[in-house]
Amino acid sequence: MQTVLFHSTIFGPIHSRRLGTSLGVNLSPVDGKTCTFDCLYCEAGFNAQGPGRAGLPSRREVATLLEEKLRSMKEKGENLDVITFSGNGEPTLHPDFEGVIDDTIALRNRYFPDVKISVLSNSTRLDRPDVCRALARVDNNILKLDSAVESTMRLLDRPTSPAFTVEKAIEGISQFAGQAIVQTMILQGEIDGQTIDNTTDTEVSALLEAYRRIKPASVMLYSIDRTTPCKTLRKVSREKLESIATIIRAEGIDVQVN
């Protein structure tokens, strides 16, 4: 079974194809996975591997480890573009997420004031005021919407709560009109005899309507880049991504293809 990617709370810096030189912050366990989605393409593997035994890092631990790393990088004159919250699951599940963001902003301002703070979130916790307050304060509030067709979203992202819907995702992301960066994974494949393909005219039309409602700062279109736990998924070509981007850009929406 494919297992967690990150075995530390602070990792990197690594080169992100979307964000540049990125220092990662993993608010999930270092030996397991905690997420409100169980995506077929997740690089950290399926939720079935379990949450491990380490538990979530405390707010104090995150701040201490982050400060140690930022101080070291500053002393060595190393380059940094962004501090990115991602890791082995959904970062907004952390019970002190808002406080962690407050600490990170303060540390960024002290050591690397020009560096951006990014959060990669799956949009499932946007009904929580504390989460939304925190996301409103980061530089890159990157929120997931892989499909605006309910059946496709459920097949591809596999939300752990039956109450979560595409409509809830769109409503939640719309709170950040003009600020949110919407991240959409484009792919094709099969699972349990069912076809997955969010490149079709129906899928693209639904996404376009959702983007119109959301009014994002920009949209990130990307496809599979690493090993996925579901082996029957297929990467979509750059040419196909660009053709979808052209349709979206015609609506005056900024699109990044990665």
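1. The second largest pocket holds about 240 Å³ of space. It is lined by 17 residues, and those closest to its centre are Thr124, Arg125, Asp127, Phe164 and Lys168. Sorted by class, the lining of this second largest pocket comprises six nonpolar, seven polar and four charged residues. The model is a predicted one, and the pocket should be read with that in mind.

2. The sheet is open and has eight strands, in the order β1-β2-β3-β4-β5-β6-β9-β11, with mixed pairing. Its edges are formed by β1 (10–16) and β11 (255–257), each of which pairs on one side only. Ignoring direction, neighbouring strands of the sheet are turned against each other by 25° on average.

3. Within this sheet, strands β4 (residues 116–121) and β5 (residues 140–144) run parallel and are joined by four bridges. Across this pair, Val119 stands opposite Asn141 in β5. As background, strands of a sheet pair through backbone hydrogen bonds, in either a parallel or an antiparallel manner.

4. Is Asn141 buried or exposed? Asn141 counts as buried because its relative accessibility is 0%, and the cut-off for buried is under 20%. The residue belongs to strand β5. Leaving aside residues up to four places away in sequence, Asn141 touches Val119, Leu135, Phe176, Gln179, Ala180 and Ile181. Val119 is thus named twice: as a contact of Asn141 and as the residue opposite Asn141 in the strand pair.

5. Helix α6 (residues 201–214) packs on the sheet, where it touches β6 (181–185) and β9 (218–222). The direction of α6 makes about 165° with that of β6.

6. Helix α6 also packs with helix α5 (residues 166–174), at an angle of about 35° and with the two axes 8 Å apart. On the α5 side, the contact involves Glu167, Ile170, Glu171, Ile173 and Ser174. These meet Ala210, Arg213 and Ile214 of α6. The residues of this α5 and α6 contact divide into four nonpolar, one polar and three charged.

7. A last point concerns Arg71, which lies in helix α1 (residues 59–76). Arg71 counts as partly exposed because its relative accessibility is 33%, and that class runs between the cut-offs of 20% and 50%. Arg71 and Thr34 are separated by 37 residues in sequence, and their C-alpha atoms are 29 Å apart in space.

How values were computed: Residues are numbered from 1 along each chain as its sequence is written. This is a predicted model: local features need pLDDT of at least 70, side-chain atom pairs count only at pLDDT 80 or more; totals for chains, interfaces and linings use all residues. Side-chain values use heavy atoms; hydrogens and water are left out. Helices (H or I, at least four residues) and strands (E, at least two) are DSSP runs, numbered from the N terminus. Buried means under 20% relative accessible area, exposed over 50%, partly exposed in between (1.4 Å probe, protein chains only). Two strands pair if DSSP finds at least two bridges between them. Axes are lines fitted to C-alpha atoms, for helices over the stretch in contact, and angles run from 0 to 180 degrees between N-to-C directions. Contact means heavy atoms within 4.5 Å. On a 1 Å grid over the protein atoms alone, a cavity is a set of points where a 1.4 Å probe fits but cannot get out, and a pocket is an open set with protein on both sides within 12 Å along at least five of seven lines; lining residues have an atom within 4 Å of a point. Grid points are joined across faces, edges and corners, and a volume is the space filled by probe spheres set on the points. Ala, Val, Leu, Ile, Met, Phe, Trp, Tyr, Cys and Pro count as nonpolar, Asp, Glu, Lys and Arg as charged, and the others, Gly among them, as polar.
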